[in-house]
Amino acid sequence: MFDFTEPIIQNVLHPTLQSFEIRLDVKRLDLIDPFISGNKWFKLKYNIEEANRLNIKTLLSFGGAYSNHIYALAAAGKRFGIRTIGIIRGEETLPLNDTLKFATDCQMQLEYVSREKYRLKDNPEFKDELLKTYGDVYIIPEGGSNLLGVKGTVEILSEREINEYDIICCCCGTGATLSGILIKLNGNKNALGFSVLKGDFMKNAVDTITYDYSGQLFENYTINNHYHFGGYAKSNSELDSFIKTYTNTTLIPIEHVYTAKMFYGIMDLVNKGKFTPGTKILAIHTGGLR
Ligand SMILES: *Cc1c(COP(=O)(O)O)cnc(C)c1O
């Protein structure tokens, strides 16, 4: 049913990497599809399969007004002929931003809920209410990060890549992508996650998701909480100018919400000599560009 291209791996050419003798390759999940791209596709695919199996014709999920998950879900709904409903945090603002405009162009039905109510999105009572209001819908949690979402992210990394690289890097929002990587690594090699959120809760989040899925906790990874640039979707002139020069130098498109924070972090750690010469790093480009 799902026919996506195998993501390519691109070597990053950068003088800093050369002088510190670090090999940095990027797995370009951003290129698997123009609309259903990056890690969001991996999180959606088994959920869509499950909805099909249950013969449920509508997918419902949650997100903020700029959610990449909502964008990908709307695109997937259109592509595969499945009805979609997006429960959007906060008031409607017109004109719609690009994300929500795209979603409605894909025939996604948008429903706005107050921030207070949105916080209850994982409560059983709220779910019952959604089922009453919208009928037979398959509910996917925010970010697509349920167990079937994790099942998809386990497939991001291949055996060959585990053999080839010393460290696997990705950025973390809910932590489900990193959890999938850890489960696939199964204790081998190392992983390094860059939190795009402010705070030090990400390690707990990743451990919880990993344990819920696999019954195991892994120690071969660290979370770096130092490159959030003020918090989710925040940026500053330093990050903005990094995006410009890095994209010009490497020809890899990145954006300020997710992947730029990881690449900034990787390059900063390289510059500070935190990786031993000869280290082979694979960074997962999780998308977010459209
Ligand atoms: C959603 C998203 C993430 C976060 O993934 P999690 O599995 O929630 O940690 C990372 N990168 C991009 C581009 C995203 O859209």
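Here are some questions and answers about this predicted model, from its ligand site to single residues in its loops, strands and helices.

Reader: Happy to start at the ligand. How many residues surround the ligand, and which are the closest?
Author: Good place to begin. The shell around the ligand counts 15 residues in total. Those closest to the ligand are Lys-40, Gly-173, Thr-174, Thr-177 and Thr-286.

Reader: Which helix gives the most to the shell around the ligand?
Author: At least two shell residues come from each of α2, β7 (167–172) and α9 (176–185). With three residues, the element that gives the most is α2.

Reader: By class, how many residues of the shell around the ligand are polar?
Author: Glycine is counted as polar here, which is worth keeping in mind for a shell that includes Gly-173. Four shell residues are nonpolar and two are charged. The polar residues number nine.

Reader: Which side chain has an N or O atom 2.6 Å from a nitrogen atom of the ligand?
Author: Let's go through the polar contacts one by one. An N or O atom in the side chain of Lys-43 is 2.8 Å from an oxygen atom of the ligand. Thr-177 also faces a ligand oxygen, with a polar side-chain atom 2.6 Å away. The ligand nitrogen, at 2.6 Å, is paired with the side chain of Thr-286.

Reader: And what share of the ligand's exposed area does the protein bury?
Author: Three side chains that reach ligand atoms are Lys-43, Thr-177 and Thr-286. On its own, the ligand would expose 390 Å². Of that area, the protein buries 98%.

Reader: Let's move to the second largest pocket. What is its volume, and which residues are closest to its centre?
Author: The volume of this pocket is about 260 Å³. It is lined by 16 residues. Closest to the centre are Glu-6, Trp-41, Phe-42, Lys-45 and Glu-155.

Reader: Which helix provides the largest share of the lining of the second largest pocket?
Author: By class, this lining has nine nonpolar, two polar and five charged residues. The largest share from one element is five residues. They come from helix α2 (residues 38–53).

Reader: Now the backbone. Where is the cis peptide bond, and what is its omega?
Author: The place to look is the loop between β4 (83–89) and α4 (98–105), where Pro-95 is found. The cis bond joins Leu-94 and Pro-95. Its omega is about -5°.

Reader: Is Gln-107, with its positive phi, buried or exposed?
Author: Gln-107 is not a glycine, yet its phi is near 70°. The residue lies in the loop between α4 and β5 (109–113). Its relative accessibility is 59%, and the cut-off is over 50%, so Gln-107 counts as exposed.

Reader: How does Ala-233 fare: buried, partly exposed or exposed?
Author: Ala-233 also has a positive phi, about 65°, without being a glycine. This residue sits in the loop between β9 (221–224) and α11 (237–250). Its relative accessible area of 34% falls between the limits of 20% and 50%, so Ala-233 is partly exposed.

Reader: Which residue's backbone nitrogen does the side chain of Asn-224 contact?
Author: Asn-224 belongs to strand β9. Its relative accessible area is 11%, under the 20% limit, so Asn-224 is buried. A polar atom of its side chain lies 2.7 Å from the backbone nitrogen of His-226.

Reader: What is the separation between the C-alpha atoms of Val-196 and Phe-42?
Author: Val-196 is in the loop between β8 (190–195) and α10 (202–214). At 0% relative accessibility, Val-196 is buried. Phe-42 is 154 residues away along the chain, and the two C-alpha atoms are separated by 20 Å.

Reader: And what separates the C-alpha atoms of Gly-149 and Lys-189?
Author: Gly-149 is part of helix α7 (residues 147–153). With a relative accessible area of 0%, Gly-149 is buried. Lys-189 is 40 residues away along the chain, and the C-alpha separation is 23 Å.

Key
Residues are numbered from 1 along each chain as its sequence is written. This is a predicted model: local features need pLDDT of at least 70, side-chain atom pairs count only at pLDDT 80 or more; totals for chains, interfaces and linings use all residues. Side-chain values use heavy atoms; hydrogens and water are left out. On a 1 Å grid over the protein atoms alone, a cavity is a set of points where a 1.4 Å probe fits but cannot get out, and a pocket is an open set with protein on both sides within 12 Å along at least five of seven lines; lining residues have an atom within 4 Å of a point. Grid points are joined across faces, edges and corners, and a volume is the space filled by probe spheres set on the points. Helices (H or I, at least four residues) and strands (E, at least two) are DSSP runs, numbered from the N terminus. A residue is near a molecule or strand if one of its heavy atoms lies within 4 Å of it. A polar contact is a pair of N or O atoms within 3.5 Å; within protein, one must be able to donate a hydrogen and the other to accept it, and residues adjacent in sequence count only if both atoms are side-chain atoms. Accessible areas come from the Shrake-Rupley method with a 1.4 Å probe; for residues, only the protein chains shown count as cover. Buried means under 20% relative accessible area, exposed over 50%, partly exposed in between (1.4 Å probe, protein chains only).
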